[in-house]
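Below are some notes on a structure, set out as numbered points. Please read them with the sequence and the coordinates open.

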Amino acid sequence: MLRIKELQKQLKQAQVDGVLFQEPLAFFYLTGLRPSSGKLLVDGRGAAFFVDGRYFQEFKTKSPCPLFLLQEKSFEVFLKKRLKKGALLAFDSLATSVAALQDLKRQIRQEPLQKSALILKPLRQPLKDLRSLKDARELKKLRLSARLNYQGFEYIKSLLKTGISERELALEFELFVRRRGAEKLAFEPIIAFGPNSAFPHHASGSAKLKKGQAVLMDLGVLLEGYNSDMTRTVFFGPAEARLKQIYQIVLQAQKAALRCLKPGVRVASVDKKARGLVEKAGFGRFFPHSLGHGVGLQVHEFPALNQKGVDRKVKLKAGMVVTIEPGIYLPGLGGVRLEDTVAITEKGFESFYPPAEVL
């Protein structure tokens, strides 16, 4: 219930009387339970969790807060009794669909001239700040997810041979990690051979591996609710000199960014450090994406590490888990991306992966 208490503090700061969640990730984060639908109200008195008949019996002894059977009429009655007239009820504006919002308005009977109605207030990702700071239990799960992810990488790297296809490697990775406990993949593996590695988000296809090609592998798994994310670029046989050159630049850019990581540093300055090295080497226009992003219950979370993005002024804090993934992509030739996931600590950072290979 610690997370609910922390959220209650934020509700006071936001000057709202309560917040209603209707998305599974919020349920899991705040209660540890994963129904596919439901309603979770958090206000100054605590939390109340509503689920339908598919989950009610199972969750009765598992829910850390009072559990109720979700029925439209009883939910409406509960809201009216729980919150005073004219109370501000917040909702996640990013996660709530138009249809869900219309249903909620109908349930609270919100009308412009009805003074007794609850007042809905949109909040953008009310759990964003809380979720960005991982506790010890979350960090443990993230490490385990990363460990399995790296084992999968090492396995498919051992399968590299002339004629194997991108799609075959992607399938082998999925089979390997699923047999060892992964709930599912964090995202579709990006396996890119040769010229395809110049596309940052290439969809693994039928291309077959040839000698001298770059092999870019962007991989992630979901384990115990938490995601992992890692990219490595390796060369299958002697590589073209220009590819070796950009590999060294990307590796140095990543190392420079990692050296910046500590509490109090703005994400913009980390991106600027890595991007500055790539630009100085003459490849700035070939680095088209952010330096990194948060990782946790979702594979892309707050904050985004980009000197021009909406999170540019955000300061790193101990407990944040982010990726550092500079890249250079040369059309027609190939690309290099090196990505590690790290946890910010009081004195610096902890990487979840062994460092990328030095050529």
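1. Gly 32 comes directly after helix 2 and has a positive phi, near 80 degrees. The model is predicted, so this backbone angle, like every other value in these notes, is computed from a prediction.

2. Helix 2 itself spans residues 24-31, and 6 of its 8 residues are buried, so the helix is largely enclosed by the rest of the structure. Its buried residues are Ala 26, Phe 27, Phe 28, Tyr 29, Leu 30 and Thr 31.

3. Strands 8, 9 and 12 make up an open sheet of 3 strands, in the order 8-9-12, with antiparallel pairing. Strand 8 (190-193) and strand 12 are the edge strands, each pairing on one side only. Between neighbouring strands of this sheet the average turn is 10 degrees, direction ignored.

4. Strand 9 and strand 12 run antiparallel and are joined by 7 bridges. Within this pairing, Met 217 is found opposite Arg 232 of strand 12. Helix 8 (residues 166-179) lies across strand 8 and strand 9, and runs at about 150 degrees to strand 8.

5. What does the side chain of Thr 231 contact? This residue belongs to strand 12 (residues 230-236), and its relative accessible area is 0%, so Thr 231 is buried. Its side chain makes a polar contact of 3.1 Å with the side chain of Asp 218. Another polar contact, of 2.6 Å, joins the side chains of Thr 231 and Glu 339. Leaving aside residues up to four places away in sequence, Thr 231 touches Leu 216, Met 217, Asp 218, Arg 337, Leu 338 and Glu 339.

6. Asp 218 also takes part in a salt bridge with Arg 337, with 2.9 Å between the closest N and O atoms. Arg 337 is in strand 17 (residues 334-337) and Asp 218 in strand 9 (residues 213-219), so the pair ties together parts that lie 119 residues apart in sequence. Both ends are enclosed: Arg 337 counts as buried because its relative accessibility is 2%, and Asp 218 counts as buried because its value is 5%. Both residues are also among those that Thr 231 touches.

7. Searching the whole structure gives 15 salt bridges. One of the pairs is Glu 301 with Arg 131, whose side chains meet at 2.6 Å, N to O. This pair links distant parts of the chain, with Glu 301 in strand 14 (residues 301-305) and Arg 131 in helix 6 (residues 128-132), 170 residues apart. Glu 301 and Arg 131 are both buried.

8. Arg 275 and Asp 271 also form a salt bridge, in which the closest N and O atoms are 2.9 Å apart. Why are they about one helical turn from each other? Both sit in helix 10 (residues 267-280), 4 residues apart, so about one helical turn separates them. An α-helix has 3.6 residues a turn, so residues three or four places apart point the same way. Arg 275 is buried, as is Asp 271.

9. Finally, a network: Arg 3, Asp 135 and Glu 138 are joined into one by salt bridges that share partners.

Methods:
Residues are numbered from 1 along each chain as its sequence is written. This is a predicted model: local features need pLDDT of at least 70, side-chain atom pairs count only at pLDDT 80 or more; totals for chains, interfaces and linings use all residues. Side-chain values use heavy atoms; hydrogens and water are left out. A salt bridge is a side-chain nitrogen of Lys or Arg within 4 Å of a carboxyl oxygen of Asp or Glu. Helices (H or I, at least four residues) and strands (E, at least two) are DSSP runs, numbered from the N terminus. Buried means under 20% relative accessible area, exposed over 50%, partly exposed in between (1.4 Å probe, protein chains only). A polar contact is a pair of N or O atoms within 3.5 Å; within protein, one must be able to donate a hydrogen and the other to accept it, and residues adjacent in sequence count only if both atoms are side-chain atoms. Contact means heavy atoms within 4.5 Å. Two strands pair if DSSP finds at least two bridges between them. Axes are lines fitted to C-alpha atoms, for helices over the stretch in contact, and angles run from 0 to 180 degrees between N-to-C directions.
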